[in-house]
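Colleague: Could you pull this one up and walk me through a couple of helices and the ligand site?

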Amino acid sequence: MPGIIVVGSQFGDEGKGKVVDVFSQKADYVVRYQGGANAGHTLVVDGKKTILHLIPSGVLHPHTVCVIAAGVVLDVERLCEEIKALKLNGLLKEDSQLLISDSATVILPYHRQLDQARERAAGNEKIGTTGRGIGPAYEERASRKAIIFGDLFSRETLRAKLETALKEKNFLLEKFYGEKPVNIDEVMALVNQVSDYLAPYRCKDTSLVIHKALKGSKKVLFEGAQGSLLDLLHGTYPFVTSSSTLAGSAMIGSGIGPGTVNSVMGITKAYTTRVGSGPFPTELDNELGERMRQIGQEFGSTTGRSRRCGWLDLVALKYAIRINGITSLALMKLDVLSGFEKLSICTAYELDGQRISEYPVSPGDLGRCKPIFETINGWKEDLTKAKNLKDLPRAAQEYIQFIGAQTAVPIDVVSVGPGREQTLWLRPLFS
Ligand code: IMP
C-alpha cells in the first residue's frame with residue numbers, strides 16, 4: 001500500500017515528529033489531518049533543533065509535499081511565524097511544498113483567549129490544555145459558525161462572519177469570564193495581513209490532491225498529532241483534546257475513504273509521559289520519574305511544561321493497538337532507560353479488587369486502577385551509538401522482545417536518540 005498512518009499510541013509526545021521526518025525521506029506527501037498548534041514536533045537534523053507545531057514534519061525534505069488537510073484547526077498567526085522561521089533557516093525553499101485546505105478551521109486570537117479564560121476559571125478542575133484555542137475552535141466548527149481558511153480570501157463576507165462569531169465570543173469573554181472583549185477591526189487587520197502571506201499555499205481541495213496521489217501510487221504519510229489516549233471519544237475523557245486522534249481520523253480529516261490506507265504505525269515511547277491533568281496509572285511521582293524526566297528531557301515542546309513520567313503501560317498500548325488498528329510499532333527513546341537497574345512494565349490493572357487486562361473506558365475507572373507490573377533487568381550501556389539490533393545489550397533486546405510478544409504486533413523501528421541516524425530499522429519502510 002502506498003499510504004501509511006502514523007499515530008501516537010500514548011498521551012502524545014511519543015516521537016511522531018522524528019518518525020515522520022525519517023519516513024519522509026521516502027514519502028512524496030505528508031498530510032496533517034487533525035489537531036493544531038497544540039502539537040509540537042521536535043526534529044533534530046545535524047544537531048540542529050526545529051520545532052514544528054502546524055507544518056507537517058516532512059517539510060525538511062525538499063521533495064516532499066506537505067498538506068494541511070480539512071481536519072486541522074489552523075492558527076494562522078502561528079502558521080505565518082512557522083513559515084517565516086523555516087524560510088529564514090533555508091528549510092522551506094518552494095511555496096509549492098505546502099498546501100493548505102480551504103476547509104481547515106481557522107484559529108484566531110479570541111479562540112486562544114477563550115481557552116485560557118476557561119482554564120483559569122476552572123481552577124483545580126482544569127484540563128491543563130495547551131491554551132492554543134483548540135477546544136473553542138472545534139466547538140465553533142461543530143456549531144457551524146467557524147471561519148474556514150477559504151473565508152480569509154473573501155473579505156466582505158468574512159467581516160460579516162466575524163461579527164456573528166464575535167457577538168457570542170465577546171459575550172462570553174466579557175460577561176462570563178470578566179475578560180476584555182475582542183475588537184473586530186484588530187482581528188480584520190490581522191486577517192488581512194495573514195491572508196496575503198498565506199495566499200500562495202491555498203489549495204481548494206486537498207482531498208482531491210491526496211486521492212490522486214494514492215491512486216497514482218505515490219507514497220503518502222498521514223501524520224497524527226497528540227496520542228490515542230487523548231482522543232475525544234475514546235481517550236481519558238474529559239482529560240482529552242477536542243479532536244479524534246485515532247487512525248480513523250486520518251480518513252475523515254483528509255477526506256478519503258476507509259480502506260484506502262491500511263498500514264498504521266503506532267508510536268510509543270519505551271516508557272510513558274503525560275502533560276496536563278488526568279489519570280495515569282503507571283506514573284512515577286518519585287525520584288525514578290524525575291530521573292526519566294531529566295534524562296529524556298521531558299518538557300513540553302509547545303508549552304515548556306514538565307511532563308509527568310512513568311513506566312510503560314501495555315494495557316494502554318494494547319488498547320491503542322485495538323482502537324487504531326495498529327499494524328506495526330515504533331519504540332522510541334529506548335536510550336533513556338539506560339542505567340535503570342530494574343524496569344517495570346505494566347501488564348494488567350487491579351480495579352476494585354479485580355485483576356483486569358482490558359483498558360477501562362468508563363470515566364473514573366482508570367483513576368482507580370492500580371498497575372500490576374512485571375519486572376525485568378535493566379542495562380547500563382549507552383545505546384545512542386547502536387546501528388542495529390545486535391549492537392544493543394541483551395537486556396535491551398529482551399525488553400523489545402517482551403513488548404513484541406505481549407502486543408503481538410511487529411516492532412519495525414527502535415529509536416535510540418533524537419537524531420535521524422539514531423534509528424534502528426527492523427523492517428524497511430514502504431516495503
Ligand atoms: P488541548 O488540546 O490544548 O485542548 O489540551 C487538552 C489536553 O491534551 C491537555 O492535557 C494537553 O496537555 C494535551 N495535549 C494537547 N496536545 C498535546 C500534544 O501534542 N502532546 C501532549 N499532550 C497534548
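What follows is a short chat about two helices and the ligand in this predicted model.

Colleague: How far does helix 6 reach from its first C-alpha to its last?

Modeller: Helix 6 runs over residues 184-198, so 15 residues at 1.5 Å a residue give an expected span of 21 Å. The model comes close to that, with a reach of 20 Å.

Colleague: What arc do the buried residues of helix 6 cover around the axis?

Modeller: The buried set is Ile184, Val187, Met188, Leu190, Val191, Val194, Ser195 and Leu198. Residues three or four places apart point the same way, because an α-helix has 3.6 residues a turn. These buried residues sit on the same side of helix 6, as they cover an arc of only 160°.

Colleague: And which exposed residues does the face turned away from the buried side of helix 6 carry?

Modeller: First, what covers the buried residues: that includes helix 2 (76-88), helix 3 (109-122), helix 5 (155-176) and strand 9 (202-203). The face turned away from the buried side carries exposed residues, namely Glu186, Gln193 and Asp196.

Colleague: At the start of helix 6, which backbone nitrogen does a side-chain oxygen of Asn183 reach?

Modeller: There's a polar contact there, with the side-chain oxygen of Asn183 coming to within 2.7 Å of its partner. That partner is the backbone nitrogen of Asp185.

Colleague: Over to helix 2. Which helix do its buried residues pack against?

Modeller: Val76, Leu79, Cys80, Glu82, Ile83 and Leu86 are buried in helix 2. They lie on the same side of helix 2, because their arc is only 165°. That buried set packs against strand 4 (48-52), strand 5 (65-68), strand 6 (73-75), strand 7 (98-101) and strand 8 (105-107), and also against helix 6.

Colleague: What phi does Gly90 take, just after helix 2?

Modeller: At the other end, the start of helix 2, a side-chain oxygen of Asp75 reaches to within 3.2 Å of the backbone nitrogen of Glu77. Just after helix 2, Gly90 takes a positive phi, about 70°.

Colleague: Now the ligand. How much of its area does the protein bury?

Modeller: The ligand has 15 residues around it, and the closest are Asp13, Asn38, Thr130, Thr241 and Arg305. Polar side-chain atoms of Thr241 and Arg305 lie 2.6 Å and 3.0 Å from an oxygen atom of the ligand, while a side-chain N or O atom of Gln226 is 3.4 Å from a ligand nitrogen. Taken alone, the ligand exposes 470 Å², and of that the protein buries 97%.

Notes: Residues numbered from 1 in each chain as written. Predicted model: local features only at pLDDT ≥ 70, side-chain atom pairs only at ≥ 80, totals over all residues. Heavy atoms only, no water. Helix = DSSP H or I, 4+ residues; strand = E, 2+ residues; numbered from the N terminus. Buried < 20%, exposed > 50% of the residue type's maximum accessible area, 1.4 Å probe, protein only. Arc of directions from axis to C-beta. Contact = heavy atoms within 4.5 Å. Polar contact = N/O pair within 3.5 Å; in protein donor to acceptor, adjacent residues only side chain to side chain. Near = heavy atom within 4 Å. Areas by Shrake-Rupley, 256 points an atom, 1.4 Å probe, with all protein chains shown as cover.
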